Amino acid sequence: MVRLQEIRTNEVAVDPPAATDAGLVFIGRIRTPWTSRLECPRQGRQDGPTCRIEIFERWAPALSGIEAFERLEVLYWLDQSRRDLVLQSPANDGSVRGTFALRSPVRPNPIGTSLVTLIGVEGSSVLVRGLDCLDGTPLIDLKPDRCLFTPIASPQQGDFEVGDA
């Protein structure tokens, strides 16, 4: 069950450090039917409701060509999420996992991501299906689905590979 601010058995919270400005700029707002975390789905569904991503006017020209893509990756700021848990009990059964081993919205930097289906573009708004965030959520970025791109070049000798250290 979704929770608001309680600490479950065996969960651990820390005092987060003071925020520093990373220069993050919100580029729009997301409009969804959900106004409470208690009603918001845990993960977006491609057959879910149509949601509207409203791009702020200064960023509207950046939408040029986006209609050529079927799927988009949406990055957003989970502005109503707590940021202090390092151990969480997602099933509320006493077992815990580290925050970085979960897709929980409770994170030190609450950045959410969704892979959505593009329905259409109306002016400076993008209509999509597959979101899982609250109405009014600040938009960080919008990108074509990275899986639609092929690598630019094959790995070369000396390139870093997973397992190298």
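The paragraphs below walk through the strands, salt bridges and pockets of a predicted model. Residues are numbered from 1 along each chain as its sequence is written. Because the model is predicted, local features need pLDDT of at least 70 and side-chain atom pairs count only at pLDDT 80 or more, while totals for chains, interfaces and linings use all residues; side-chain values use heavy atoms, with hydrogens and water left out.

A good place to begin is strand β7, residues 111-122. Strands here are DSSP runs of E with at least two residues, numbered from the N terminus, and two strands pair if DSSP finds at least two bridges between them. Strand β4 (residues 71-77) runs antiparallel to β7, and seven bridges join the two. Within this pairing, Thr 113 of β7 stands opposite Leu 75. Strand β8 (residues 125-129) also pairs with β7 in the antiparallel sense, over five bridges, and here Leu 118 faces Val 128 in β8. The hairpin of β7 and β8 has two residues between the strands, and Gly 123 takes a positive phi near 60 degrees there.

Asp 141, in strand β9 (residues 137-144), can be placed relative to the residues just described. Its C-alpha is 9.5 Å from that of Thr 113, although the two are 28 residues apart in sequence. With neighbours within four places in sequence left aside, Asp 141 is in contact with Ile 27, Glu 73, Val 74 and Leu 75, contact meaning heavy atoms within 4.5 Å. Asp 141 is partly exposed, at 28% relative accessible area; on this scale buried means under 20%, exposed over 50% and partly exposed in between, with a 1.4 Å probe and protein chains only.

Attention now turns to charged pairs. Side chains of opposite charge can pair when their charged atoms come close. Six salt bridges are found in the whole structure, each a side-chain nitrogen of Lys or Arg within 4 Å of a carboxyl oxygen of Asp or Glu. Arg 52 and Glu 122 form one of them, with their closest N and O atoms 3.0 Å apart. Since Arg 52 lies in strand β3 (residues 51-55) and Glu 122 in β7, this pair ties together parts that are 70 residues apart in sequence. Both partners count as partly exposed, Arg 52 at 27% and Glu 122 at 45%. Arg 45 and Asp 47 meet at 2.8 Å, N to O; Arg 45 is exposed at 53%, and Asp 47 is exposed at 55%. Arg 82 and Asp 84 meet at 2.7 Å, N to O, and both of these residues are buried. In addition, Arg 31, Glu 54 and Asp 135 are joined into one network by salt bridges that share partners.

The largest pocket has a volume of about 720 Å³. Of its 31 lining residues, Arg 37, Arg 42, Arg 103, Ser 104 and Pro 105 are the closest to the centre. A pocket is an open set of points on a 1 Å grid over the protein atoms alone, where a 1.4 Å probe fits and protein lies on both sides within 12 Å along at least five of seven lines; lining residues have an atom within 4 Å of a point. Grid points are joined across faces, edges and corners, and the volume is the space filled by probe spheres set on the points. Strand β7 gives the most to this lining, with three residues. By class, the lining of the largest pocket has 14 nonpolar, eight polar and nine charged residues, where Ala, Val, Leu, Ile, Met, Phe, Trp, Tyr, Cys and Pro count as nonpolar, Asp, Glu, Lys and Arg as charged, and the others, Gly among them, as polar.

How values were computed
Helix = DSSP H or I, 4+ residues; strand = E, 2+ residues; numbered from the N terminus.
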